[in-house]
Amino acid sequence: MQLDEFATAALRELEAGHLLRRPRSIDTSQGPEVEIEGRSVLCLCSNNYLGFANHPRFGLAVSEALERCGYGACASRHVSGSMRVHVELESRIASFLKRARGLFFATGYNANLGTLQALSGPRTLLLSDALNHASLIDGCRLGGGTTRVYRHLDVEHVETLLRAERARHDAALIVTESLFSMDGDVAPLAALRGLCDRYDAALMVDDSHAVGAMGAHGVGLATGAEVRADVITGTFGKAFGASGAFVAGSDPVVRLIENRARCYIFSTAPSPVVPAAALAAFELVEAADDRRAALRERARTLRDGLRHLGFQVPASDTHIIPVLLGAPDRAMEMSRQLFERGVFVHGIRPPTVPEGTSRLRVVAMATHSAEHISRALGAFGELVR
Ligand SMILES: *Cc1c(COP(=O)(O)O)cnc(C)c1O
């Protein structure tokens, strides 16, 4: 069969490049330790930064919403109406991020796709960081504007592009992650804001890895006076330990997204239990200064320890700690050897990261104990010897 042949050939090619993906199956909830194939292993690769994913508060919120609203949302909100819990969550998003409006999406991938598609037209200039997440890349493609990719974190490059191209476009949008998902470094958001003000451009910040985990009360990195992001997207799937995502911005911006984002309009709204859980997560996250402090401390110990062992760990000071290895087979082999030693950390390969920069993406969690961290470093240490 023609399609099977196509698929088989494509899979063979991925396998030959050590790029075939096969997720492991986990038999417990997401915590600092998880059970895989009958073994308890230490988890170093989850985005459950604050450790809330298995918090009992979710059970209460979900069962209460289930009783009140049932399970299915049954259509797009434009078709069968917004259930109250979705609207309630959106006011919470807006007040948390100090923006006029928030809009709830099923996933962060969709939030970025829909936002960029809705906010750009043929005469829009989109300036996109070279290491932006796939959902931002795809969103830029979908909008039909002109996309220019600037060197990672390079403000001068952004300015060069604006100087050369801004006048030929009706609008310009700088698109960046705040805390970069695979590199753990942080965009120069204040400097990008300065360029926006000087060149009449807008700033869109994907705060997925920082919201909840960083900033006062977990507000993230995009709301400060020196940043003033015009559009903020983020997920509830990481530090919030929940599911779903958001965009926040001014009233006209969010209303336009609501009216134009095809992945929002032509898709059934998430079950009411999903926004109910996100609302519960807000309560957990806002009160979690202790967990954010623990997260920073665990990350620092891990990073310093890995550097001390001689691993190539780029300079930055966040909870995402890349261990650069180069070739994809090297990353996968090291992941395998760590798993044998009871440590679960998956290899990250192209196209998630550029060619030649395959890595282990080591992630700290607030709920890692000091013993977990030293066990992790012990396993890495054995690989060095
Ligand atoms: C994880 C991630 C997303 C997608 O969010 P989901 O809710 O998982 O779909 C978007 N942007 C960045 C930078 C991410 O890391």
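**Notebook: the ligand shell and a surface patch**

I started with the ligand and asked which element gives the most to the shell around it. That turned out to be helix α5, residues 108-119, with 3 residues. A note to self before going on: this is a predicted model.

Next I looked up who else sits there. The shell has 13 residues, and Gly108, Asp206, His209, Thr235 and Lys238 come nearest to the ligand. I then sorted the shell by class and got 9 polar, 3 charged and 1 nonpolar.

Then I checked polar atoms, one residue at a time. For His209, an N or O atom of the side chain is 2.4 Å from an oxygen atom of the ligand. For Asp206, the side chain has an N or O atom 2.6 Å from a nitrogen atom of the ligand. With Tyr109 the backbone is involved: one of its polar backbone atoms is 3.0 Å from a ligand oxygen. How much of the ligand's accessible area does the protein cover? I found 82% of the 380 Å² that the ligand has on its own.

Last, I went to the start of the chain and looked at Phe6. I found Phe6 in helix α1, which runs over residues 2-16. Is Phe6 buried or exposed? Its relative accessible area is 61%, and the cut-off for exposed is over 50%, so I put Phe6 down as exposed. Phe6 also has company: together with Met1 and Leu3, it forms a nonpolar patch on the surface. I noted about 410 Å² of accessible area for these three residues together.

Note on methods. Residues numbered from 1 in each chain as written. Predicted model: local features only at pLDDT ≥ 70, side-chain atom pairs only at ≥ 80, totals over all residues. Heavy atoms only, no water. Patch = residues over 30% accessible without salt bridge, like charges linked within 9 Å, V, L, I, M, F, W, Y side chains within 5 Å. Areas by Shrake-Rupley, 256 points an atom, 1.4 Å probe, with all protein chains shown as cover. Salt bridge = Lys/Arg side-chain N within 4 Å of Asp/Glu carboxyl O. Helix = DSSP H or I, 4+ residues; strand = E, 2+ residues; numbered from the N terminus. Buried < 20%, exposed > 50% of the residue type's maximum accessible area, 1.4 Å probe, protein only. Near = heavy atom within 4 Å. Polar contact = N/O pair within 3.5 Å; in protein donor to acceptor, adjacent residues only side chain to side chain. Nonpolar A, V, L, I, M, F, W, Y, C, P; charged D, E, K, R; others polar.
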